[in-house]
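Here's a quick tour of one strand, its neighbours and some aromatic rings. Have the structure open while you read.

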Amino acid sequence: MTRKSRRLILIAACGAVLALALGLILSAMSGSIVFFRSPAEVAAQGVAPGTRFRLGGLVTEGSVKRGPDQNVEFSVTDTNATVPVQYRGLLPDLFREGQGIVAEGKLDADGVFRADTVLAKHDENYMPREVADALKAQGRWQEGGGKESPKDAAKPASADAALGQRSER
């Protein structure tokens with residue numbers, strides 16, 4: 001065997017091992033990948049029952065109904081569509097009507113989203129891009145609220161500039 005053929009065999013073997021490792025990593029990750037959908041996408045695309053995904057949007061005003069044994073029913077909207085959600089467990093402290101949330105679970109055959117995890121958002125900065133775009137299109141998005149907080153008003157402009165320079169480094 002010549003030197004060139006040994007080198008080609010070594011390169012082919014390394015490529016095969018790399019492809020096998022990549023295949024194993026992707027197959028292990030396939031069970032943990034969860035896609036995000038807005039209520040409008042759920043309504044438009046007709047998600048198959050039993051499909052696991054994350055549902056994000058705003059908790060509809062007046063939709064929260066608490067039942068026995070920590071059962072909670074509420075609706076999530078992106079102003080275009082609304083999806084009913086059922087959840088059993090403790091809700092986050094920041095959960096309330098009109099607040100942005102992300103719920104993870106499965107859609108059942110009746111069109112009710114059965115959540116096993118609910119995450120509350122403390123402001124729009126952490127809203128998923130699709131929901132934020134839908135809210136902007138509806139005119140319900142407010143960039144920073146348009147008001148300057150008393151803390152920001154008391155800070156001199158030079159302090160803001162110095163903070164910005166430090167964060168860029």
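## Strand E6 and the rings around the sheet

Ile101 stands opposite Ala120 in strand E7. On the other side of the pairing story, Ile101 of E6 is also the bridge partner of Gly57. Bear in mind that this is a predicted model.

Zooming out a bit, E2 (residues 52-59) and E6 run antiparallel and are joined by 7 bridges. E6 and E7 (residues 113-120) are antiparallel too, again with 7 bridges. The E6–E7 hairpin has 5 residues between its strands, and Gly111 there takes a positive phi near 85°.

So how enclosed is E6 (residues 100-107)? Of its 8 residues, 7 are buried, so the strand is largely enclosed by the rest of the structure.

Now for the rings: there are 2 aromatic pairs.

| Pair | Centre distance | Plane angle | Type |
|---|---|---|---|
| Phe53 and Phe113 | 5.0 Å | 55° | tilted |
| Phe74 and Phe95 | 4.9 Å | 65° | edge-to-face |

Phe53 sits in E2 and Phe113 in E7, so this pair links distant parts of the chain, 60 residues apart. Phe53 has 0% relative accessibility and counts as buried, and Phe113 is likewise buried at 0%. Phe53 has another partner as well: the charged end of Arg37 sits over its ring, 5.5 Å from the centre.

In the other pair, Phe74 belongs to strand E4 (residues 71-77), while Phe95 is in the loop between E5 (82-88) and E6, so the contact ties together parts 21 residues apart in sequence. Both Phe74 and Phe95 are buried.

Key: Residues are numbered from 1 along each chain as its sequence is written. This is a predicted model: local features need pLDDT of at least 70, side-chain atom pairs count only at pLDDT 80 or more; totals for chains, interfaces and linings use all residues. Side-chain values use heavy atoms; hydrogens and water are left out. Buried means under 20% relative accessible area, exposed over 50%, partly exposed in between (1.4 Å probe, protein chains only). Helices (H or I, at least four residues) and strands (E, at least two) are DSSP runs, numbered from the N terminus. Two strands pair if DSSP finds at least two bridges between them. Rings of Phe, Tyr and Trp (its six-membered ring) pair if their centres lie within 6.5 Å; planes under 30 degrees apart count as stacked, over 60 as edge-to-face and the rest as tilted. A charge sits over a ring if NZ of Lys or CZ of Arg is within 6 Å of the ring centre and within 35 degrees of the ring normal.
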